[in-house]
Every structure is written in structure tokens, then in C-alpha cells.
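Work through these exercises with the model open. Each task is followed by its solution.

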Amino acid sequence: MDRGRRGRKAVAGMGEQHVSEQANEEQLQAFMRALLDDVDALERLLQEDRIESGVRRIGAEQEMFLVDRALRPAPLAPEVLERAADGRLTTELARFNLEANLSPLPFGGDCLRRLEAELSDVVGRATEAARAVGAEVLLAGILPTLRAGDLRLENLTPSPRYHELNRTLLQLRQGDFRVSIHGLDELEMTHDNILLESCNTSFQVHLQVGAGEFAPLYNLAQAVTAPVLAAAVNSPLLLGQRLWQETRIALFESSIDTRPSARESRQHRPRVHFGDGWVQGGALELFREDIARFRVIMTAETGEPPAAVLARGEVPDLKALRVHNGTIYRWNRPCYGVVDGVAHLRIESRALPAGPTVLDEVANAAFFFGLMSGLAAEHPRVDLEMPFEDAKANFFAAARHGLKAQLTWFGGQSLAAPELILSRLLPAARAGLSEAGIDAADIDRYLGVVEERVRRGQTGAQWALGSLAAMAGQGTPEVQHRALCAAMLARQQEEARGGGSGCPVHTWEPAALEVDRDLLRDSYRTVGQFMSTDLFTVRPTDIVDFAASVMDWRHVRHVPVEDDQGRLVGVVSHRALLRLVARGAAAANGAAPPTVASIMRPDPVTITPETPTLEAMRIMREQRVGCLPVVAGERLVGIVTERDLLDVSARLLEAFLREA
């Protein structure tokens, strides 16, 4: 948020220039020395009152997805950046993500309107460049059409720094990253690189504060994040599963969790965290704690020692401190910066998702800024009015349940999120924005959006889940998720064409299935887009009668066979059962019953989720098989049968005839 647009957050401080790659032990030690020197310099700046105070500035960072015409991730970020040639735009971790850093603004007057205008402008410029290479920009907390196959290393942004980040985090983890999220559905998976983090895109807001007021305002930010998030949730889907209302929170805490199992067992804190207590000593306390807790994973050229800079009466940039701080992901993160020779501190709030529209995002920011302004005088010591455990529990309740969360507020009173927001917090936010001198019309515009969203109970997450419920039984999950993206993109483009007039999410009708032949065809190009994933399997040692019963109960003609380690070892077909009966081989007179191993087809022909549908049809025809298990490595992830291909053909033919 630095005033000259020089700040680049990116992942793990990767936007910082001259970050070293594959640092050896000597370089790590030198960087740690520089880091400690920076902390000493910051302490001196604080003691000498050389941190800017009496000034409020706001700023924001916008992350976004690039999608192709089928509304799938489009790994074209380098090409888009080259065409856009806009210094506000930069890379993110994945080739299908972009980030924009917006200009900081004095907090007052028309700052919110100007924030929205610049946000619309930079998203528009990115969109124009994306269209030139066959892509679109989409604002979403998590892209509904993302699939595990999109998270391959070839989609990592082509920079040695990102590859080094991936190598270092995996080395610290001592194995694959593990994700376990339970919501309406469940997601249990491991992944061998850091691209799970790229599933998340956010709208991060910054508030500059003085050093002397940092602790109480940081604590206030911790308290108000939960209700603001409850009204802003926009990420209910991940890899096809309905999870939390704001699944980003759970995913981000897992996707770069570098703790090996030994440290998890002793409650070692993950690099993404909310915190464990109120802050008492200001920003320096947080910086020191994060240096003590978290190993250095990236180094950089740090330049002149800060003590020498201070001796000349100048302000050091504390490069080492900023690089390390960029690798610690507090949901409210302290930040240090220098602009025009003046040092400042700010609070970076990282919990808000991207989308559903620019207007919705600025409305969320206005709610946060208004609460920070309006509650500061009334509640100068939130640490004395609320147990920290309540603030933390509120945060995760908001992420899980959105507006259906029950939140514990000051004084220990438990309130439903809508009641708390409508009766107490929106009036406080209005008063806070008014006290800061924000234009009255802008206060009505932005907080009015939040109010209507809460009254109608339609956040981005609720709209998406409601749309899926309305489409139940129609098309495949792939088609439904693409319909969500198509509706989101249409509303965002409508907002852009309206010159910022906006069509916030509380006004949206449910998404409807597309019937366009070309777009429908794009939903069936690979088997991963329509394969059956709700699988019933048997083991080689199971009796044949059990396999036959499963087929009868589930009305299927093929059952995959897995060993005790979950590896695919065969397939049992209905035809094999008929052969067994024809031979009269059923158990009789006390003989041991035949097992699945005796009739299964071992080492079956398999395909991957990325196998083209036409290729799967060719394999099935040439191999004379009625099903193809779909595997990722040795793990069974789905199955494609003759019936599935018949259904695909019928849908495409129906769309073709209807259009004709």
C-alpha cells in the first residue's frame, strides 16, 4: 500500500525485488543477522517517535482469476501482463492468477468512490489485455471450475523465485501438503506442491495507523473481522465440493502449512493463523514473535545496514524485515513501509474474498473501515471487553457459516450475525465513516449494499449454493459449476458496462444452466469433466456375493477393486458374474465361497482425468471394455462407463437439435 505504488505483496514476499534463490546456510545466517538488525532499527524508530502519526490512509490489493472461453483456469498471466503494461498489475503464484496493487488514499471525502473507480479501471485494463489472448478476468474467492488437474507445477508462475518457494516449503513440510475440510461435503486430499494456495483470491484492505495506537487498533481489527467476513463470504466451493461459506480460510491455513507432523503434535503454530492472544506491545511485538516462531524461508539483498542509515538521520527501508514478514500470513498482518523518507505502519486485513463485484468489495471495505473508525473511541481496550477466544471463535464461525453464524460480542452477549450487524455494527460504521469525513452519499451507497445483502441473506456464497440447489438433477456438476461462473462473469461485465453503477450480489437471480452447443461441448472435452466420482468399491478378498449385491443395490454393471492401501487392482463386471453362474462355480456343500480375486479383471485399462473424451471412447472400443477406471497416480478418482458416454452423447445431440 506504499504511496508510490512500490509495494508488491504477492506470495511470501515474492513481489520484493532481488529475492535470493536457493540460499545456503551462510546466506541464511547473514539474512538472519540483517533481520535482527532491522528489528533493532524499528525499535529505535519507535523510541524516537519517527513513525508517521496523525494520518489515516487506506489502500487495497485485488487478486483475480484468468479464465478461458469454457470458464476454466487460463494459465496466461505472463502474456496478459505483457499486453497490459500496467505497473499496478503483477504476478501471483499461479499462471491463472493476477494481482493489482491500488494507490493509497487519505481516509476521508471521496476516498471510497476513488477506490472503486481505480479498482474498476485496473480490472478493466486487465480484462482488455486478457481478451487479446483469448481469456477473461473473473473475480471469485475460489473459482468453481477449478479442478485438481489445474494445480500442476507447469501452472506455477514461470519465475525461479516461485519454484524456490515451492522447494523450500516442501522441504520444511517433509512431505505433501494435507487438506481436510468438512462442510456440506468433505474434502480429504494431499498435494505435492504449493499451488493449492492459488485456489484462493482475496480483496485485501490496508489501514495506516500510528505507532502509539497500533495495539488497540490491531486488536479492534481482530474483533471486527468476523462480522465483516460473515457478511462478505463468497467461497463455498473447492474442487467441486461444498465446504465452508468462506472456504479460503480453511484452505489457506492448510495449503502452505509447513509444519511436519512432529510439530503439529506439539501445537506449533502454522504460518497462516489468526493469533492466540491480544497484542499488548504494538507492532514490534508481532514482528518479534513471528521471527522467533517461523524459520527464514527466503532471503534477499538487504543493502546498507539500517544503523548506518539511522546515523545519517534517514529512515531505513528494513528490507529483511519486510521480506520475512511477507512469508507470515496473519489474517490481520502488521506492515512497515517507507515513502518519501517517512516510515509508517499499517494493518493489512487479508480475510475478505475477491468478488462477487467491485461494488460488493468496496462495500465490504467501507464496512471494515467504518467499524475501525466508529468503534475505536467507544471501545479503546477491546482486550478488556472480550476474551480473545471469543474473537477467534467468531472468526472461524463466520468463515464456516457466514450470516448463519452465532457471534459473541462485547459483554459476552451471543447474537446471530444479521442481528449484530444490522442493529449495532452498521450504525457504528456509519458514524465512523461520517466522523472521518466520508461523503454522505458514499456512506449511503456502500453501507446500503451491505445492509441489503444482510437483510436478504444473499451473500455470494449463499447465491452460489442456492443456484446449485436450483440446478439439482440438471446436467453434470461440471456444467453446473460452469453455469455459476458464467453468471458471475455476466454480472461483473454488466457492472463494467454500466460505468460502475453496479449490480451487487444481493440483486442476483439464481444461475441457470447454459444450453449453448459450443459451451456445452467444452464441458465434455475430458473425462474428468463428467466421470462418476461417487464410487462403491470392493476388495480382492471380499466374497463374490457381496460384489453382486453392490451391483444390484447401486444399479451398476462394474465395480472397481481396491487393495487395503487404496490402490486399484482390478474391476469386477456384471459379465464376469454371469460367467461364474454359468460355470456353476457358486459355493455349495460347505465349500469356501468364491472371492472377488477369482473373477476380477486384474490390471485393468485405466485413464486419467485429463484423458480426452474421444480418446476414452477409442480405448473402450478397441479394448472391448465397458468401463474405464480413472486414476491419479495409483489412486482411483472416478470411473467412466458406456452409460456415461451414452448420456454425454444424448446431451450433446439434444443441444444440437434444439439449436438447429
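**Exercise 1.** At what angle do helix H19 (residues 544-554) and helix H20 (residues 574-582) pack, and how far apart are their axes?

*Solution.* This is a predicted model: local features need pLDDT of at least 70, side-chain atom pairs count only at pLDDT 80 or more, and totals for chains, interfaces and linings use all residues. Residues are numbered from 1 along each chain as its sequence is written, and side-chain values use heavy atoms, without hydrogens and water.

Step 1. Helices are DSSP runs (H or I, at least four residues), numbered from the N terminus. Axes are lines fitted to C-alpha atoms over the stretch in contact, and angles run from 0 to 180 degrees between N-to-C directions.

Step 2. H19 and H20 pack at about 130°, with axes 11 Å apart.

Step 3. H19 and H20 are therefore oblique to each other. Angles under 35 degrees count as roughly parallel, over 145 as roughly antiparallel, 65 to 115 as roughly perpendicular and the rest as oblique.

**Exercise 2.** Which residues of H19 meet which residues of H20?

*Solution.* Contact means heavy atoms within 4.5 Å. On the H19 side are Val-544, Ala-548 and Met-551; on the H20 side are His-574, Leu-577 and Leu-580.

**Exercise 3.** Where is Gly-437, and is Gly-437 buried or exposed?

*Solution.* Step 1. Gly-437 lies in the loop between helix H14 (417-435) and helix H15 (440-456).

Step 2. Its relative accessibility is 39%, so Gly-437 counts as partly exposed. Buried means under 20% relative accessible area, exposed over 50%, partly exposed in between (1.4 Å probe, protein chains only).

Step 3. Beyond neighbours within four places in sequence, Gly-437 contacts Gly-108 and Gly-109.

Methods:
Helix = DSSP H or I, 4+ residues; strand = E, 2+ residues; numbered from the N terminus.
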